Every structure is written in structure tokens, then in C-alpha cells.
Amino acid sequence: MRNPRLIEERAPAEAVFPRIAGRLDFERVGPRTVVRSALPMGPLRLLTPKNHGHAAWAYTSSLGGGFVDGDAVRLDLRVARGAAAFLSTQGATRVYRSPRGCTSETRAEVAAGALLALVPDPTACFAGARFKSRCEVDLGSGASLVLLDALSAGRSHRNERWAFQTYSSGLRLAMEGRVVLDETLLLEPAHGPLAERLGRFDLLATLLLAGAPLAAAREEVSRRIEAVPVGARSALIESKSRLGPDATLVRIAAVSVEEGLARIRSHLRFLPAFLGDDPFSRRGMPCT
């Protein structure tokens, strides 16, 4: 018989390990955008490689190769007036088995006339993982946002397909002070076996395009989605929703992670023109 005095109550990760904020500041200097400051904190690391365009690029990574039990990180972003910034990850965001859970929070302020492209690789939660993320973006007048939030099934080759304990992803977007989107995706086995509920799909993704300067890009993406009818046993299913006059939300479910990401990159074929360079071409996966 277990002695209740010897049983330690498990607290949430952020209660055990304080959430530490890193910071990235992008600023326009002449015709180019530069990284004015990059402050990594805790397990969060920031890389700022050079590129041939006018936008500044940054990539996040982790000391542990992913989120380990108790990690709780926060990144504050600021894109100054007229600047253009691209932020991604070095690879998939891996979340390891985490009884106490892991948390990640991103907050971004995009000033008037600026552009933020927040396009990380998919999150992959391993068996027993508990992960909670939250992204909040505030756009100023004439600012633009390209945001991707994707989740893969995990290590299918190790029989860990949709085998995590908890996954929560929150997204909030405000445009000139008006909230146009505030939602949370919650996936838990307690609500029903995940592998059965998600069926044959190995990738879930949300693509958000916002801001008046992206009007033509949003219309093109909408036309491409409408042009592909959804049939029985389709390998890829897409839907789109308008969030007022200047924002479009795209949902994607794909049987293959690779095919799903290829479709997303095809939707982002307009992005290199806004950045002056194609960040995906260095991985041999250009936006086409």
C-alpha cells in the first residue's frame, strides 16, 4: 500500500521551472533589415545567418535537441516599422517524454508597414510528451504576417504515432488592436484515442496570412484550394476561412508529412519576393 506522504504532487512545468524570456529585435537600416538584438535564454538558442535578400533571418534551436521535461521558454519578438523578418527552426521541434510537461510561448509585435514570417518546422511529440504552446501576434497599421503552425504524428517508425499525452497550441492575432483570432487546439487521449480519431493523417497544419499587403497572395491561395476538389480518401484536405477583410486562415490535414509540407511551400511561393531570398532553397525545398 502506497504511503500518500511519499507521493509528490506533480506541478506544471512553468511552476517548477520559471519561464525565461529570450528576445529578438528586427530593425530596418536603409534598404535592409538587421537583427538589432538577439538574446537567448535557458535552453533556447538563436541563430542569425546572412542571406542575399533585404529581410533578416533567424532560427531557433535548443540545447537539448528539443524540449525535455520541465522546459518552459518564451520568446519576445519585435519587428520595427518597415522591417521584414523571417523566423524558423533548425528542424522539427521535438518534444520528449515529459511527465511535468513543457511549455513554449511566443509574443510578437509587428509595427506599421513591417512583415513577420513565422514559419517553423512541424512539432513532433514523442510518446508520453506533454506540450503546451501559445503564440500571440499584434499587427500595426499596414503590417503583414505569415504564420505556420504544424504538428506531425511523431515517431511512427517506433510505434509512437500520435502517442503523446497532451498537446495544446494557442494562437491569437490582433490587427491594429482588434482581435480577429483567438483559438486553442487541444489533443488528449482522454477525449478519445488519438490514432483512431486522426485516422490516416500524419500532419495537421494551420497557415495564417494577414495584412493588406498580402491581399494578392491570399486570393491566389484561396483559388488554388478551391481548384482542388476533395474526394474520397484524399491524401490531402484543405479548407480556408476569411477573418475579416485582411486575413485568411487555412487548415491542412495530410496523410504524408512530406507531401503536406510541399503543399504549404507551394502556397508560400510569394514569400521570397517579400524577403528578397528563398529561405527554403537552402534545404533543397524551394517555394514553387
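## Helix packing

Contact here means heavy atoms within 4.5 Å. In this predicted model, Val-221, Arg-224 and Ile-225 of helix H3 meet Arg-263, Ser-266 and His-267 of helix H4. By character, the residues of this contact between H3 and H4 comprise 2 nonpolar, 2 polar and 2 charged.

Helix H3 spans residues 215-226 and helix H4 spans residues 257-267; their axes lie 10 Å apart, and the packing angle is about 135°. H3 is therefore oblique to H4.

## Nonpolar cores

The largest nonpolar core contains 33 residues, of which Val-137, Leu-139, Leu-145, Leu-173 and Leu-208 touch the most other members. A second core, separate from the largest, has 29 residues, including Phe-86, Leu-148, Val-250 and Leu-271.

Leu-139 can be followed in further detail. When residues up to four places away in sequence are not counted, Leu-139 touches Val-110, Ser-144, Leu-145, Leu-173, Ala-174, Met-175, Glu-176 and Ala-210. In soluble globular proteins, nonpolar side chains tend to be buried together.

## Cysteines

The structure holds 0 disulfides. A disulfide requires a pair of cysteine sulfur atoms within 2.5 Å. For Cys-125, the closest cysteine sulfur belongs to Cys-102 and lies 8.7 Å away, which is too far for a bond. Cys-125 is buried, because its relative accessibility is 0%.

Cys-135 likewise lacks a partner: the closest cysteine sulfur, in Cys-125, is 16 Å from its own, too far for a bond. With a relative accessible area of 11%, Cys-135 is buried.

Definitions and conventions
Residues numbered from 1 in each chain as written. Predicted model: local features only at pLDDT ≥ 70, side-chain atom pairs only at ≥ 80, totals over all residues. Heavy atoms only, no water. Core = buried A, V, L, I, M, F, W, Y, C linked by side-chain atoms within 4.5 Å. Buried < 20%, exposed > 50% of the residue type's maximum accessible area, 1.4 Å probe, protein only. Axes fitted to C-alpha atoms, helices over the stretch in contact; angles between N-to-C directions. Helix = DSSP H or I, 4+ residues; strand = E, 2+ residues; numbered from the N terminus. Parallel < 35°, antiparallel > 145°, perpendicular 65-115°, else oblique. Nonpolar A, V, L, I, M, F, W, Y, C, P; charged D, E, K, R; others polar.
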